[in-house]
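Please open the model in your viewer and keep the sequence panel beside it, since each stop on this tour begins with a selection.

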Amino acid sequence: MLYCHSHPCESSPNEQAAGVFSCGTDGCVCTFSLQNLIKNLPEQKELSNLAELKSEYEELCESEQFGIVMSSVKMLRPRLNGILFKLTFEEQVNNIRPDIMNVTFACEEVKKSEGFSMILELVLLVGNYMNAGSRNAQTFGFNISFLCKLRDTKSTDQNTTLLHFLAEKCEEKYPEILKFPDELEHVECASKVSAQILKASLDTMERHIQRLENDIQNFPKTEDKQDKFVEKMSISFDFSKHSREQYEKLSTMHKNMQKLYESLGSYFAFDPHTVSIEDFFGELANFRNLFMVKIANKLVNSDILKFFFFFFLLVHYDFFIFTVVRAPWDWDNLDF
């Protein structure tokens with residue numbers, strides 16, 4: 001049965017069928033119920049058998065009455081598929097567009113980030129220094145997955161990691177590098193995008209639009225004034241045209257996203273056809289988070305030291321003033 005958006009539909013089978021005739025624009029057809037109806041829709045032969053019971057309509061149960069009414073609807077399955085696509089189209093667009101934009105922005109950010117470029121140089125420099133004399137000496141580059149392994153390389157006393165060491169050196173000598181996490185704002189979101197699912201969603205949308213356009217073109221003429229399928233779906237009422245235009249925009253954005261990712265592969269010397277968007281940006285997102293945690297921990301530890309220092313001054317204020325400030329030091333001859 002079909003349901004109203006606000007509450008279960010208590011209308012008669014004829015009124016529910018009218019919702020199908022009007023393409024759901026009167027608000028009495030909801031997505032979930034429509035999906036169930038399409039999934040459980042009887043075959044045409046069974047609907048034809050129900051239609052033969054039309055003379056016994058009043059004696060039948062509500063579900064059988066509904067079946068009889070539906071059996072009179074021309075091109076029922078294509079009509080229901082078209083209505084469902086219309087009801088879910090904006091949701092599909094709103095699911096696809098952010099994914100394309102996040103990957104697009106992430107590609108641009110990674111390529112333009114000066115801080116990220118500098119930290120790659122620093123990692124390569126440290127790596128070549130550590131590998132001096134080995135077969136890996138004077139390396140020209142490294143796999144992006146190596147960045148997260150920096151935390152696994154520990155000092156001889158096991159008290160610090162290579163990542164911690166790099167974070168400290170960046171803070172001491174290269175503070176401009178510390179801004180790179182902010183420069184890679186969309187990397188986290190891009191790491192959650194599946195290129196395969198994104199492409200499949202666009203292909204499915206195109207098939208639905210093409211099927212809708214074919215159904216509108218081949219839909220038989222009817223004199224039933226209640227039957228507004230073609231009127232509501234056709235170009236004159238914008239949806240067919242609107243859906244095609246929206247798809248073309250998304251398709252163009254998607255192609256641009258793919259070109260940017262391929263360009264990124266060429267720039268960082270990896271194969272974009274074997275390294276997925278999820279894997280590449282996933283590694284970057286993990287490294288970005290690890291680096292931010294190291295910097296945050298160092299700042300927290302520094303703040304703790306400052307807190308205890310000022311707490312000591314507060315508790316021992318009189319002692320500090322007497323021994324340091326008021327003591328009879330020969331300030332002119334003190335050797336600093």
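Select F280 to begin: in this predicted model, its relative accessibility is 2%, and because buried means under 20%, F280 counts as buried. Now add Y261 to the selection, which at 4% relative accessibility also counts as buried. Both F85 and F89, which you can colour now for a later comparison of ring geometry, are buried. Returning to the first pair, you will find the ring centres of Y261 and F280 6.2 Å apart and their planes at 70 degrees, so the two rings meet edge-to-face. Y261 belongs to helix 12 (residues 239–267) whereas F280 belongs to helix 13, so this pair ties together parts that lie 19 residues apart in sequence.

Next, extend the selection to F116, F180, Y267, F268, F270, F281, F287 and F291, which ring pairs link with Y261 and F280 into a cluster. Across the model, the count of aromatic pairs comes to 13. For another of these pairs, go back to F85 and F89, whose ring centres are 5.4 Å apart and whose planes stand at 70 degrees, so that this pair, too, is edge-to-face. F85 and F89 both sit in helix 5, and because they are 4 residues apart there, about one helical turn separates them.

From the rings, move to the open space: which residues lie nearest the centre of the largest pocket? Select L120, G141, F142, I144 and F268, which hold that position among the 22 residues of the lining; F268 is also a member of the aromatic cluster. The volume of this pocket is about 490 Å³. Colour helix 5 (76–112), helix 6 (114–130) and helix 13 (277–315), each of which supplies at least two residues of the lining, and note that helix 6 gives the largest share, with 5 residues. If you colour the lining by residue character, you should find 13 nonpolar, 5 polar and 4 charged residues.

Finally, clear the selection and show the whole chain, whose secondary structure comes to 14 helices and 0 strands. Of its 336 residues, 37% are buried. Among contacts in the chain with a separation of 6 or more, 74% join residues 24 or more positions apart. With the surface switched on, you are looking at an accessible area of about 21,000 Å², of which 54% belongs to carbon and sulfur atoms.

Notes. Residues numbered from 1 in each chain as written. Predicted model: local features only at pLDDT ≥ 70, side-chain atom pairs only at ≥ 80, totals over all residues. Heavy atoms only, no water. 1 Å grid on protein atoms, 1.4 Å probe; cavity = no way out; pocket = protein on both sides within 12 Å on 5 of 7 lines; lining within 4 Å. Points joined across faces, edges and corners; volume = space filled by probe spheres on them. Nonpolar A, V, L, I, M, F, W, Y, C, P; charged D, E, K, R; others polar. Buried < 20%, exposed > 50% of the residue type's maximum accessible area, 1.4 Å probe, protein only. Contact = heavy atoms within 4.5 Å. Areas by Shrake-Rupley, 256 points an atom, 1.4 Å probe, with all protein chains shown as cover. Phe/Tyr/Trp six-rings, centres within 6.5 Å; stacked < 30°, edge-to-face > 60°.
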